[in-house]
Amino acid sequence: MFLFVTRLTPMVNVDLLIRDTSGRTLLTWRDDGYEYSPGWHIPGGIIRYKESTAERIQAVARRELGSTARFAPQPLAIGEVMHPVRRNRGHFISLLFRCELEHEPDPRLRWDGGQPNGGQWAWHEGCPPDLIAVHDMYRAFFGKELPPFTLVQRQGDWL
C-alpha cells in the first residue's frame, strides 16, 4: 500500500542537521538498495499519516542514532527531490531541521574506519565526497556558521 501511495503523491520527510560544538556534522551511512545510496546522508525519515514533524524527528533520532533530539521549530531549508523515471518513492518534499542530540549517539553504531555498514554514524568536518546525491542540496550547510536558535524540547513545547 505504501509504495502505491508513493506513486500518487509526494512524500514529505524530515532531515536532521546535527552539529557538535566543534561544528562537525553527524551523518549516517545509507545502503538500502535505493538509487539514492550507498553513501553518507543526513539522518531523516518520511512523516507518517497523522504524525507531526516533532514526532518524526524524535523517531529518526531514536531509530538512526539511539538518542533524542531538541530542534528548531522551523526548518532551515525546504527542498524537493524528484526522480523522473522512478516508479516508487520518486518525489519528496524535504524539510531540513537544525537539531541537537540530548545525549551521545549509540556507540555501537559508531563508524571507526574501513568500509561503513548501513546505519553506522560518524562526525564529519566538512561535506564528505560520498554524500548521497539527493543530499547535494544540503552541501551549503556543511561547515557553514549557523545563527543561534531556540530549541524545542518536546512536541508541543514551543519556546
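These legends walk through several views of a predicted model, starting with the whole chain and then moving in on single residues.

**Figure 1. The whole chain, with 2 helices and 8 strands.**
Following the sequence from start to end, you meet the elements in the order α-β-β-β-β-α-β-β-β-β. The C-alpha trace stretches over about 40 × 40 × 30 Å along its principal axes. How does the radius of gyration fit with a compact globule? For 159 residues such a globule would come out near 15 Å, and the chain has 15 Å, so the two agree. Buried residues account for 47% of the chain. Look at the contacts between residues at least 6 apart in sequence, and you'll find that 69% of them join residues at least 24 apart.

**Figure 2. The outside of the chain and its charges.**
About 8700 Å² of the chain is exposed, and carbon and sulfur atoms supply 53% of that area. Counting charged side chains gives 19 positive and 19 negative ones. The centres of those two sets sit 5 Å apart.

**Figure 3. Threonine 28, a buried residue in strand 2.**
Strand 2 covers residues 25-30, and threonine 28 is part of it. Is threonine 28 buried or exposed? Its relative accessibility is 2%, and buried means under 20%, so threonine 28 counts as buried. Which side chain does the side chain of threonine 28 make a polar contact with? That partner is glutamate 64, at 3.2 Å. Beyond its neighbours within four places in sequence, threonine 28 also touches several other residues, including Gly39, Trp40, His41 and Pro43. Leu65, Gln120 and Trp121 are among its contacts too.

**Figure 4. Histidine 41 in strand 3.**
Here we shift to one of the residues that threonine 28 touches. Histidine 41 belongs to strand 3, which takes in residues 39-41. With a relative accessibility of 8%, histidine 41 is another buried residue. Leaving out neighbours within four places in sequence, its contacts include Leu27, Thr28, Trp29 and Arg30. Glu64 is one of its contacts as well, and Glu64 also appears in the contact list of threonine 28. Leu131, Ile132 and His135 are among the other residues that histidine 41 touches.

**Figure 5. Phenylalanine 142 and a partner from far back in the sequence.**
Phenylalanine 142 sits in the segment that comes after strand 8 (121-124). A relative accessible area of 10% puts phenylalanine 142 in the buried group. How many residues apart in sequence are phenylalanine 142 and threonine 25? They are 117 residues apart, yet their C-alpha atoms lie 7.0 Å apart in space. Thr25 is also one of the contacts of phenylalanine 142, along with Arg19, Leu27 and Ile42. Gly126, Cys127, Pro128 and Leu131 are on that contact list too.

**Figure 6. Proline 116, in the loop between strand 7 and strand 8.**
What residues does proline 116 touch, leaving aside its neighbours within four places in sequence? The answer is Trp29, Trp40 and Trp111. Proline 116 is buried, with a relative accessible area of 10%. For a sense of distance, try tyrosine 49: from proline 116 to that residue is 32 Å, C-alpha to C-alpha, with their positions 67 residues apart in sequence.

**Figure 7. Histidine 83, in the loop between strand 6 and strand 7.**
This loop runs between strand 6 (77-82) and strand 7 (91-101). Histidine 83 is partly exposed, at 23% relative accessibility. Glycine 66 is 17 residues away from histidine 83 in sequence, while the C-alpha atoms of the pair are 31 Å apart.

**Figure 8. Lysine 50 and glutamate 51, in the loop between strand 4 and helix 2.**
Strand 4 spans 44-46 and helix 2 spans 53-65. Lysine 50 is exposed, with a relative accessible area of 71%, whereas glutamate 51 is buried at 18%. What is unusual about phi here? Most residues other than glycine have a negative phi. Lysine 50 has a positive one, near 65°. As for glutamate 51, its side chain reaches the backbone nitrogen of arginine 48 at 2.9 Å. A polar contact of 2.8 Å also links the side chains of glutamate 51 and arginine 56. Setting aside residues up to four places away in sequence, glutamate 51 touches Ile46 and Arg56.

How values were computed
Residues are numbered from 1 along each chain as its sequence is written. This is a predicted model: local features need pLDDT of at least 70, side-chain atom pairs count only at pLDDT 80 or more; totals for chains, interfaces and linings use all residues. Side-chain values use heavy atoms; hydrogens and water are left out. Helices (H or I, at least four residues) and strands (E, at least two) are DSSP runs, numbered from the N terminus. Buried means under 20% relative accessible area, exposed over 50%, partly exposed in between (1.4 Å probe, protein chains only). The radius of gyration is taken over C-alpha atoms; the globule rule is 2.2 Å times the number of residues to the power 0.38. Contact means heavy atoms within 4.5 Å. Accessible areas come from the Shrake-Rupley method with a 1.4 Å probe; for residues, only the protein chains shown count as cover. Lys and Arg count as positive and Asp and Glu as negative; His and the chain ends are not counted. The place of a charge is taken as NZ of Lys, CZ of Arg, CG of Asp or CD of Glu. A polar contact is a pair of N or O atoms within 3.5 Å; within protein, one must be able to donate a hydrogen and the other to accept it, and residues adjacent in sequence count only if both atoms are side-chain atoms.
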